Every structure is written in structure tokens, then in C-alpha cells.
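Student: Before we begin, could you show me the sequence and the model? I would like to ask how each term is justified.

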Amino acid sequence: MGDTQWPVYEVFLQEKRGEPHVHVGAVHAPDPEMALILAKEQFVRRGRCVSLWVVPAEAIYASRAEEAEELFASALEKDYREPRGFRVTERVRRWMERHGESLPDV
Amino acid sequence: MGNPSRMSEPLREALGSLLLAMADDEVLLGHRDAEWVGHAPILEADIAMASIAQDEIGHAILWYSLLHELGWPDPDRMAYFRDPPEFRNATLVELPRGDWAFTVVRQFLFDYAEKVRLEALMASAYRPLAEAAAKVRREETYHLMHSRAWVVRLGDATEESHRRMQAALDLAWPHALGLFEPAPGEDLRVAEGIQPPEAELRARWEAEVRPILEAASLVVPEAEPIDGGRKGQHTEHLAALLADFQLVARSGVGETW
């Protein structure tokens, strides 16, 4: 007997109407209908769900791990683009620390 | 009709015998399904079957609880401390789990029988039963999707899957007809609007399952029903099942968990 594993389907779950479908995991299944049937029991046994998507894993075109560093990391100093880069933020943080409070991480 | 204390004794008996048949069917099928835990063909199917097993046992508790309200012992006592002749399940659910094809075919035949029964009971004159039937019917939607999908796929997937599915249907069909053997007191239940006749339920069930089996390239055998379960007559498999199923409860009588 060869490989008995079925193709992989990625599973996306929507908890409430209007919210995004969020990736929750994957199932093996012979076809989309069976993938949905099996995904329901793997991921919606408990908890909220109003909609479930299954997507053939092979339909996902993904970035390559070895490119991640060059593709996503910023090489140059770009703090000025983020709110935390403002000098006033630092002053507020110092003031709050002196008074025993803390600023949430942005 | 919703108050057991205002019910005549024969009616209480008649209602109880229906609930007992339904509860015993569910608890034993739940146990047979649970035997797949750790053994199903793939992990996902294993988890789905375990969930279905839990659902069936949950339904059993519901029917046993309604029975308890009518004066029968509590659900644990009913499930764990009765002997084979006291069980009123159809023989379909006591048969060994067999291969995956048999499991799928049995579940399919049972799920549709439950569907037509619940849909009829949602209009039952006994209110607590009608309300419970509506609740369980919602949960059955998934079971129907699940078992129909397996039957349709395995029925004509490969030569081997077809052969196994046909053998499973040949074995299961006459026992499945036994699901519609009337439990004692049917005339009274029908007259009081508690349920339609079993023969009517069977006709509705056949109208649902035959086209699906046909679409799956399976041939429904010509066979007489294997009745007796509703009178406590069982196959030799029930005793072995109960020995396993009741072992822990009976070996620790009076223990607290």
C-alpha cells in the first residue's frame, strides 16, 4: 500500500458575522465536501462558529522561508514611521514610570 | 399531555416502552461507535466518529431521563445494571463493529431512521418528548451529512470498497428493518397522538435511504425484518457487548468517582 494520506485542506473559521475567517488548522480529506465534514468535528466541536472554509493547501501560494529575512525585515532605521518613534512617547513613558504606571506596547 | 402523574397506567407503560427502545438503541450504538477510538482509518475520521459516539450517548441520557420522569430507574442504573433480555434495542446496534464499511452503513441506516422518527415525534402529543425530539433533530443534521458522504463515496469508489459496502448492506438491512418493530403499546401511542405507526415511519425511511443507496451503486437486498429486539430477543453479541460496556460500573458498585 502506498501513501494512504489524503490531500491537506487548510481550515478557516469565522466566529461571528462580519469578522474575518481565521486559520485554525488543517485536515486530510479526499475532497472538499469531506474536508468540511471532518473539519467541523475537529474545530467546531466546542466554541462559536458561523462559517467554515476549507481550502486545498496546494492552492496557497506562499513566500519561501529562506527569503523571509530579506523580504520582511527592515534593514534601515524606520522607527520614525511608527508612533513609538516619537520623542514625546519616550518622555511620557519616563513620566509614567516615575509615577508607577506603564504605557502599553504599541 | 405533559404531566406523567395524570397519565393512565397503560399509557405510561406504552410511552415508556417507546422511550426505552429509543434509549437502548442510542446507548448501544454509541458504545459500538466508541470502539473505533484509536482505530479509525485516519485521525480525522477517528475524532469525528468519537464525537458521534458521544452524541448518541448524550441522546440516550435524554431518553433515559424522560423515562426516569415516568418512574423508571435513573439513567445510570438503566444503562449499566440491566441484563440482555431487559434491553429493548433493535439488533442492528448490537452487532459487532465489523469493518469501516459496516460501521458507515449501520450509522447511515440508523441516522435516517432517527431522522424520520424525530421529525414525527416533534409533533408528539407528549410535550416533553416533542421538545426533546426538536433538540436532538438539530444535532442529527451533522450525522446525516457525515454518514451520507461516506456511503456515497465508498459505494462505488473502488472494486474493494463496493464489495465491502454491499456486504455490509446485505448484513445490516434486515436488522435495520427491525428498528421499526413496534415496541409494545403502539396502538395506544398512536391513538393518543404520541407517535405515528412504525410502518409509516419505515415507509418514510425507505423513501429517504433507497435513492441514496442506489446513487452509491448499492443494491438493497430482498429481506424480511429481523425483529425481536423490542421484545428483548437478541443476538449472542449483546451479552458480550454488555460485559464490556458494564464492567467498570458493575465492578465498583457504590464507589464514588
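Student: Which residue in β2(A) stands opposite A:V8?

Tutor: A:V8 stands opposite A:H28 in β2(A). Keep in mind that this is a predicted model, in which local features need pLDDT of at least 70, side-chain atom pairs count only at pLDDT 80 or more, and totals for chains, interfaces and linings use all residues. Residues are numbered from 1 along each chain as its sequence is written, while chains are lettered from A and ligands numbered from 1 in the order in which they are written.

Student: What makes β1(A) and β2(A) a pair of strands, and in which sense do they run?

Tutor: Two strands pair if DSSP finds at least two bridges between them, and six bridges join β1(A) to β2(A), residues 22-28, so the condition is met. The two strands run antiparallel, and another opposite couple is formed by A:F12 and A:H23 in β2(A).

Student: How do you know that β1(A) also pairs with β3(A)?

Tutor: Strand β3(A), residues 51-56, pairs with β1(A) over six bridges in the antiparallel sense, and here A:L13 stands opposite A:L52. The outcome is an open sheet of three strands in the order β2-β1-β3 of chain A, with antiparallel pairing. Its edge strands are β2 and β3 of chain A, each of which pairs on one side only. Neighbouring strands of this sheet are turned by 30° against each other on average, direction ignored.

Student: Where do these strands fall along chain A?

Tutor: Chain A has three helices and three strands, and from the N terminus on its elements run β-β-α-β-α-α. Helices (H or I, at least four residues) and strands (E, at least two) are DSSP runs, numbered from the N terminus.

Student: Which residues of β1(A) are called buried?

Tutor: A residue is buried if 20 or more other C-beta atoms, placed from the backbone, lie within 10 Å of its own, exposed if 12 or fewer, and partly exposed in between. In β1(A), residues 8-14, the side chains alternate: A:Y9, A:V11 and A:L13 point to one face and are buried, whereas A:V8, A:E10, A:F12 and A:Q14 point to the other and are not. Over the 106 residues of chain A, buried residues make up 12%.

Student: Why is B:A48 called buried?

Tutor: B:A48, which is found in helix α2(B), residues 43-69, has 26 other C-beta atoms within 10 Å, and the cut-off is 20 or more, so B:A48 counts as buried.

Student: Which residues is B:A48 in contact with, beyond its neighbours in sequence?

Tutor: Leaving aside its neighbours within four places in sequence, B:A48 is in contact (C-beta atoms, placed from the backbone, within 7 Å) with A:L38, A:E41 and B:H146.

Student: How many residues does each chain give to the contact between chains A and B?

Tutor: Chain A gives twelve residues and chain B eleven. On the side of chain A, the elements that give two or more residues are β2 and α1 (32-43), and α1(A) gives the most, with seven residues. By class, this side has six nonpolar, two polar and four charged residues; Ala, Val, Leu, Ile, Met, Phe, Trp, Tyr, Cys and Pro count as nonpolar, Asp, Glu, Lys and Arg as charged, and the others, Gly among them, as polar.

Student: Why are α4(B) and α5(B) called roughly antiparallel?

Tutor: The axes of α4(B), residues 100-121, and α5(B), residues 127-155, come within 8 Å and cross at roughly 150°. Angles over 145 degrees count as roughly antiparallel (under 35 is roughly parallel, 65 to 115 roughly perpendicular, the rest oblique), and therefore α4(B) is roughly antiparallel to α5(B). The contact of α4(B) with α5(B) has 15 nonpolar, three polar and seven charged residues.

Student: What makes B:A123 partly exposed rather than buried?

Tutor: B:A123, in the loop between α4 and α5 of chain B, has 13 C-beta neighbours inside 10 Å, which lies between the two cut-offs, so B:A123 counts as partly exposed. B:S217, in the loop between α8 (198-215) and α9 (237-245) of chain B, is partly exposed, with 13 other C-beta atoms within 10 Å. B:S217 has a positive phi of about 65° although it is not a glycine.

Terms used. Contact = placed C-beta atoms within 7 Å. Axes fitted to C-alpha atoms, helices over the stretch in contact; angles between N-to-C directions.
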